[in-house]
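Here's a quick briefing on a protein model, for when you want the main points before opening a viewer. Have a look at the fold, then read on.

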Amino acid sequence: MDFLTLFCTATASILAGGLYWFVCVLGSAEQKGKAATQLSGGSIAHEKVQDKFKQYWTFFRRPKEIETAEKVPAFVDTFYNLVTDIYEWGWGQSFHFSPSIPGKSHRDATRLHEEMAVDLINVGPGKRILDAGCGVGGPMRAIAAHSGANVVGITINEYQVKRARLHNKKAGLDKLCEVVCGNFLQMPFEDNSFDGAYSIEATCHAPKLEDVYGEIYRVLKPGSLYVSYEWVTTEAYNPESADHVEIIQEIERGDALPGLRSCKNIAEKAKKVGFEVITEKDLSSPPAQPWWSRLKMGRIAYWRNHIVVTCLAWLGIAPKGVVDVHEMLFVTADYLTRGGETGIFTPMYMILCRKP
């Protein structure tokens, strides 16, 4: 065997080994729920992913200027078809942030953030609670395991329903966790049918916050509690600052948000539909540790993952549009980090309410 042949063979072996390491060892999700080779466009056909991404990106060009608000739910559905597999693969099964906790892993910090929600609404075994905007059910499973309550989650995305049910069964929590496909602006539940409710970074997708709050109010039993972690601009946000406006607009565009609300307006919306507001607080305020630290630490992982996604798309294993989606999420992560560092944005403005 001559030197050139030996060199080429060795190089090919190293590249193949490296790709295997990226995809099979480093490329799986934090919760081991999705492998890189399984990346898809959710319920979107393989060949239509790129076109759907372009449609989404055009629709959310200027979120606050969207004139056809009735189309927002459909595009939020498209967004989650596009991003769900990437979220699971690169982030885990809980599609939200949490404050960093010294000495705790990201997974443990996430779980504690979720358990706090159900502790606030004070429900336990035998009670029926609502998860408004449940995603693939990461919070639902943590909350059901922690409280013993029966959790009913609703998500607009059919692909997420399938993923959530699969995870619920694997976790042995399918008897406590139920998942329904539907729009939380028009929920298929009877009046006064839940003992509590929570939403974790989900109601930000509603064009009008009072519409989703009104639906949650309707399905809660009198005396029950509701807690929400909201994505909002803080009092530090200056609408006259071009830099601030750019950061917020790019967060909105990259996360399917029809316009972020100010923290100053959340309680007003809750009271408008009949809730009594018990307390409100920015859970990211000191002494809480930065929630965006995980995004900054993930930059190397992003480049690793982007190589994997690009290779899989080139080989035809993943849809071509997945590369565009992955790049969009990385850019958005940078704007989220800037929003956190400047103090103009928080994804965990907590409001606790009671239905009289």
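Let's start with a single loop residue: Leu315 is partly exposed, since its relative accessible area is 48% (buried means under 20% relative accessible area, exposed over 50% and partly exposed in between, using a 1.4 Å probe and protein chains only). Keep in mind that this is a predicted model, where local features need pLDDT of at least 70, side-chain atom pairs count only at pLDDT 80 or more, and totals for chains, interfaces and linings use all residues. Numbering runs from 1 along each chain as its sequence is written, and side-chain values use heavy atoms, with hydrogens and water left out.

**Around Leu315**
- Leu315 sits in the loop between α11 (299–314) and α12 (321–342); helices (H or I, at least four residues) and strands (E, at least two) are DSSP runs, numbered from the N terminus.
- Together with Trp314 and Ile317, Leu315 makes up a nonpolar surface patch with about 390 Å² of accessible area.
- Patches here take residues with over 30% relative accessible area and no salt bridge, joining like charges within 9 Å and nonpolar side chains (Val, Leu, Ile, Met, Phe, Trp, Tyr) within 5 Å.

**Overall picture**
- The protein has twelve helices and eight strands.
- Of its 356 residues, 54% count as buried.
- The exposed area is about 16,100 Å², with carbon and sulfur atoms supplying 55% of it (Shrake-Rupley, 1.4 Å probe; for residues, only the protein chains shown count as cover).
- Take the contacts (heavy atoms within 4.5 Å) between residues at least 6 apart in sequence: 80% of them join residues at least 24 apart.

**Cores**
- The largest nonpolar core holds 42 residues, and Ile129, Trp231, Ile251 and Phe345 touch the most other members.
- A core in this sense is a set of buried Ala, Val, Leu, Ile, Met, Phe, Trp, Tyr and Cys residues joined through side-chain atoms within 4.5 Å.
- Apart from the largest core lies another one of 31 residues, including Phe79, Leu82, Val83 and Tyr87.

**Strand β8**
- Nine of the ten residues in β8 (residues 345–354) are buried.
- β8 runs antiparallel to β5 (residues 220–233), joined by eight bridges, and Thr233 stands opposite Phe345; strands pair if DSSP finds at least two bridges between them.
- β7 (residues 276–282) is also antiparallel to β8, with six bridges, and Glu280 stands opposite Ile351.

**Salt bridges**
- The whole structure has ten salt bridges, each a side-chain nitrogen of Lys or Arg within 4 Å of a carboxyl oxygen of Asp or Glu.
- Arg163 pairs with Glu88, the closest N and O atoms being 2.8 Å apart; the two sit in α6 (residues 158–170) and α3 (residues 72–90), 75 residues apart.
- Both Arg163 and Glu88 are buried.
- Lys269 and Glu210 form a salt bridge at 3.8 Å between the closest N and O atoms. Lys269 is in α9 (residues 266–272) and Glu210 in α7 (residues 209–219), so this pair ties together parts 59 residues apart in sequence.
- Asp243 and Arg338 meet at 2.7 Å, N to O, linking α8 (residues 242–254) with α12 across 95 residues.
- Asp243 is partly exposed because its relative accessible area is 35%, and Arg338 is partly exposed at 24%.
- Asp108, Arg111 and Glu115 are joined into one network by salt bridges that share partners.
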